[in-house]
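Here are my notes for you, written as numbered points. Keep the structure open beside them and look up each residue as it comes along.

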Amino acid sequence: MRRLFSPRTLLMALYLVFLAAPLLWMLSMSFKPNVEILETRALFPQTFTLENYTEIFTQPAWRESFVNSLIYVAMNVVITLIVAIPAAYAFSRYTFRGDRHLFFWLLTNRMAPGAVFLLPFFQLYSNIGLFDTHLAVALAHTLFSVPLAIWILEGFMSGIPMEIDETAYVDGYSFPRFFYRIFMPLIGPGIGVAAFFSFLFSWVELLFARTLTSTAAKPIVVQLSRSLGAEGWDWGVIAAAGVLMIVPGALLIYFVRDYLAKGFALGRV
Amino acid sequence: MARIELSGVSHRYGNDEWAVRNVNVIWEDGVASALLGPSGSGKTTVLDIISGLLRPTEGRVLVDGRDVTGMNARERNVAQVFQFPVMYETLNVFDNLAFPLRNQKMPEAEVRQRVEATAEMMGLTGLLRQNAHKLGAAEQQRVSLARGIVRKDISAVLLDEPLTVIDPQAKWHLRRQLKALHERTGITMIYVTHDQHEALTFADRVTVMNLGSVVQTGTPTELHDRPHRPFIGYFIGTPGMNLLDAQAGESGVSVGPLTVPYGADVTKRLTGRDALQLGIRPEYVEASPQPLDSGAEASVEDVDTTGHSLIVHARLGEEALKVTMDEAASVVRGDTLWIRFPVEHVNLYSEGERIEVDA
Amino acid sequence: MKRVDQRAWLFLIPALLVLSLNAFIPLMTVVNYSVQDILPGLGAVWVGFDNFENVLRDRSFQGALGRQLGFSALILLIQVPLGVLVALGMPKKGWQATAALVTIGLPLLIPWNVVGIIWRVFTRSDIGILPFLFDRIGYTYNIANSQVDAYWTVVLMDVWHWTPLIALLAYSGLNAIPDAFYQAARIDGATRWRTFWVVTLPRLRNVLTIGILLRFMDSFRIYIEISLLTGGGPGRTTAFVSDLLVNRAVGGFEFGYAAALSLIYFFIIIVISYLFFLVLTNVGTSGQAQGGDA
């Protein structure tokens with residue numbers, strides 16, 4: 001009884017309503033034709049339609065851009081992990097000159113304000129011939145994802161006692177073998193969480209994705225912003241795209257749920 | 001100071017297996033006790049039930065005769081020390097110790113007095129102004145312990161494997177401090193551990209648990225010399241007790257060629273019993289290269305050395321047993337050894353339970 | 001104990017390479033632009049710190065900066081406690097935990113432009129549900145005309161969008177706290193509130209540090225959602241520094257000014273973040289939280 005009406009449950013319920021409202025609205029918008037969206041104000045579609053979804057699934061532009069986004073986000077996650085895991089290991093196991101400052105510098109890369117920096121990025125990637133490629137966006141996004149991944153991984157790694165490293169050496173493991181067979185499985189949850197957050201920020205990023213691509217690697221976020229027709233925004237299609245964009249992320253949350261739930265304390269900063 | 005009793009206590013977590021089954025134990029006021037058992041034996045559950053962190057599914061908890069089963073941990077006024085140091089990291093040592101007292105709204109002057117007294121007793125006076133998280137593990141456990149006893153009229157101190165994360169050198173010191181603390185304050189102490197050495201050196205009375213039930217309660221000597229179950233024989237002592245299949249005959253109990261003499265009244269009781277086993281500790285087995293009266297020959301199959309004694313693996317008839325011998329004894333594989341079991345050190349078991357015999 | 005070894009830098013080489021590519025070169029380019037002025041027909045001319053001075057003296061900038069600071073402070077004050085509260089309320093085990101995790105994480109997965117658009121529809125006077133609800137309680141809500149409405153809607157949108165980040169981080173942090181700490185607090189007779197302060201919050205310090213830093217950085221640079229929701233209006237109420245930046249860089253072709261503004265902007269973010277970083281990593285520990293653990 002007490003649990004049902006406690007302030008805590010009430011607050012949670014309120015928050016969930018708050019959280020769900022725009023989402024439900026978006027969901028309902030995705031099933032309405034544009035005309036209805038602009039004219040009425042009902043939660044349930046009066047004219048239920050699948051035309052928005054059909055457009056997305058049939059138009060190659062949408063399909064391709066969805067795939068493009070998936071590709072560069074996946075590439076970003078892979079590159080980020082490859083680069084961040086050794087770096088995090090260094091922070092976690094060793095003290096070296098300038099380590100705290102380096103750590104903070106890594107984070108500053110995430111702080112650059114968009115607009116003006118976009119032009120140099122455009123020039124840079126054009127000059128090295130990577131304009132309009134998935135790799136370009138994946139690399140550009142590492143600016144944001146690597147610092148965060150290092151931070152998260154370092155936290156997990158710090159939770160693994162150094163005795164394990166030492167025991168492995170005593171047992172005759174070479175460093176690569178130790179790292180690959182013993183250490184990595186232990187930080188599995190950390191890798192999962194880092195991958196999740198890298199995915200998250202890369203999937204929804206617009207500015208760099210837009211600047212560095214034009215047609216071949218056009219991401220879905222750009223496709224969304226192009227949905228400006230003669231009558232204004234293609235609301236219904238945008239809503240449907242929004243709904244569909246949630247799906248990969250939701251799946252990823254589902255897969256890393258145990259890691260998130262198991263808990264991480266992010267070690268020491 | 002309190003007499004703690006568990007009456008008919010059983011507990012299960014949710015719909016899982018019963019973690020604790022029908023436990024009936026009395027811890028007398030002021031006694032230093034140990035709760036010993038392997039992992040999963042239910043000892044931490046029992047401890048949590050005593051302290052009030054857990055409410056038992058069945059049974060009652062009594063303190064000085066009063067039923068406290070419904071009382072929560074705070075009300076029971078017990079102290080609990082955990083496997084790893086539990087500190088309030090943002091507070092210094094003084095504030096850590098003062099924490100329980102301030103929660104009781106004790107006047108600050110009194111708080112200070114009690115904290116300083118407790119710190120002095122635990123040798124923490126110099127550390128009072130230090131930040132808690134800067135201390136080493138052993139010191140942190142001492143602070144945890146001090147925080148437990150800082151309150152007035154504590155009924156008992158409960159320790160859940162408190163030396164787990166402590167370095168080996170520091171372990172010894174901390175154990176001595178615990179013992180000293182007990183001697184000085186006379187508080188009832190219950191020490192949970194899976195390490196039989198810790199249990200036997202700390203406690204005056206030991207309760208052994210296995211698979212959720214209490215197997216035996218007694219003094220360390222009783223448990224060592226006269227365990228009620230073979231399991232306890234194995235568990236306590238290094239090396240564990242020898243358990244040998246035995247037969248009851250007219251003149252006594254035999255293991256292969258060796259017979260331990262018993263009177264007719266005893267042998268009559270024993271004949272017909274299933275699965276008779278004879279238990280004797282390696283250190284009580286008499287062994288000699290020279291023939292022994294009423295002894296029997298055994299062949300030496302292997303010899304280990306522990307540094308200050310020899311452990312001889314011998315074969316008596318079809319049974320294998322271990323004998324502890326002095327380092328100086330020159331025994332090697334292939335030798336013949338004469339073996340005798342002094343009747344006062346023999347334990348007889350039938351179907352896993354000890355048989356009482358008047359030697 | 002960590003080992004002291006300068007060779008640890010070797011492990012960092014991949015990361016440094018990747019980041020340097022992305023960080024230094026564009027940065028140098030922007031610095032280059034910031035000390036020059038591009039005159040039509042005449043090319044680039046060195047102007048030293050003129051651009052920087054212009055920015056700092058500019059009323060629009062000062063106004064935007066002030067509004068920005070206010071906005072960031074406000075959303076931090078709301079999102080961090082709210083996120084922690086939500087995390088405390090989330091179930092820890094079972095299917096409910098999974099459902100909660102996925103649901104709460106959803107706002108984070110929506111592209112930022114879609115967030116702006118959704119809230120736009122949500123708040124339009126003609127078709128939005130928010131004005132409708134307000135109307136029911138007697139308040140005339142108008143995002144286009146009312147400064148108060150616009151500002152608070154923007155805040156609300158950001159809270160909706162980003163509180164889940166804090167909530168997810170805090171949730172993980174909470175689950176990492178061993179039960180024994182709560183048990184000890186119970187035995188010591190601590191109230192729930194007190195337990196929260198001495199046990200829970202200190203142990204959440206690390207996840208909250210990263211959460212606060214991330215939120216500060218991102219909120220300080222927020223652009224697209226607001227641009228789609230209010231366009232910066234009414235007037236300049238919801239125009240923060242990014243908005244000014246985009247206007248000058250894209251709209252006005254004042255690239256030197258924009259570059260200088262960018263650098264000043266960047267610098268401010270770094271300084272404030274560093275302050276946060278120092279404070280948060282030293283809170284309650286009076287010194288480095290490194291080494292010496294059992």
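1. Let's begin where chain C meets chain A: the rule finds one salt bridge across that interface. It joins the side chains of Arg110(A) and Asp218(C), at 3.0 Å from N to O. Bear in mind as you look that this is a predicted model.

2. How many residue pairs are in polar contact between chain C and chain A? Eight, counting pairs with both residues at pLDDT 80 or more. On chain C, the element that gives the most to the side touching chain A is helix α1 (residues 9–34), with 18 residues. That side of chain C divides into 75 nonpolar, 22 polar and 10 charged residues.

3. Now for the extent of this interface. The contact takes in 107 residues of chain C and 96 residues of chain A. Between them the two chains bury about 9600 Å², and 76% of that is on carbon and sulfur atoms. Three residues to click on are Arg3(C), Phe11(C) and Leu109(C): they supply 8% of the area that chain C buries against chain A, more than any other three residues.

4. Ile270(C) is a good example of a residue at this meeting place. You'll find Ile270(C) in helix α13 (residues 255–282) of chain C. Leaving out residues up to four places away in sequence, Ile270(C) touches Phe104(A), Thr108(A) and Met111(A). Is Ile270(C) buried or exposed? Neither label fits, because its relative accessible area is 24%, which makes Ile270(C) partly exposed; buried would need a value under 20%. Within chain C, Ile270(C) and Met217(C) are 53 residues apart in sequence, yet their C-alpha atoms are 8.6 Å apart in space.

5. What about the other pairs of chains? Two pairs touch, and the one with the most contacts is A and C. Chain A and chain B are joined by no contact, and their closest C-alpha atoms lie 12 Å apart.

6. Next, chain C against chain B. Here the contact takes 20 residues from chain C and 25 residues from chain B. The buried area is about 2000 Å², with 59% of it from carbon and sulfur atoms. The rule finds two salt bridges across this interface. One of them pairs Arg203(C) with Glu89(B), whose closest N and O atoms are 2.8 Å apart. There are also five residue pairs in polar contact, both residues at pLDDT 80 or more. On the side of chain C that touches chain B, α8 (179–187) and α9 (192–203) each supply at least two residues. The largest share, seven residues, comes from α8(C). By type, that side of chain C has 11 nonpolar, five polar and four charged residues.

7. Go inside chain C for a moment and find Gln79(C), in helix α3 (residues 59–89). Gln79(C) counts as buried because its relative accessible area is 0%. The side chain of Gln79(C) makes a polar contact with the side chain of Arg215(C), at 2.9 Å. Beyond its neighbours within four places in sequence, Gln79(C) is also in contact with residues including Asp158(C), Trp162(C) and Ile166(C).

8. Last stop: helix α4 (residues 51–58) of chain A, whose buried residues are Asn52(A), Tyr53(A) and Ile56(A). Why do they sit on the same side of α4(A)? Because they cover an arc of only 95 degrees around the axis. These buried residues pack against α2 (7–30), α5 (60–93) and α14 (235–262) of chain A.

Key. Residues are numbered from 1 along each chain as its sequence is written. Chains are lettered from A and ligands numbered from 1 in the order in which they are written. This is a predicted model: local features need pLDDT of at least 70, side-chain atom pairs count only at pLDDT 80 or more; totals for chains, interfaces and linings use all residues. Side-chain values use heavy atoms; hydrogens and water are left out. Contact means heavy atoms within 4.5 Å. Buried area is the accessible area (1.4 Å probe) that two parts lose on being put together, summed over both. A salt bridge is a side-chain nitrogen of Lys or Arg within 4 Å of a carboxyl oxygen of Asp or Glu. A polar contact is a pair of N or O atoms within 3.5 Å; within protein, one must be able to donate a hydrogen and the other to accept it, and residues adjacent in sequence count only if both atoms are side-chain atoms. Helices (H or I, at least four residues) and strands (E, at least two) are DSSP runs, numbered from the N terminus. Ala, Val, Leu, Ile, Met, Phe, Trp, Tyr, Cys and Pro count as nonpolar, Asp, Glu, Lys and Arg as charged, and the others, Gly among them, as polar. Buried means under 20% relative accessible area, exposed over 50%, partly exposed in between (1.4 Å probe, protein chains only). The arc is that of the directions from the helix axis to the C-beta atoms.
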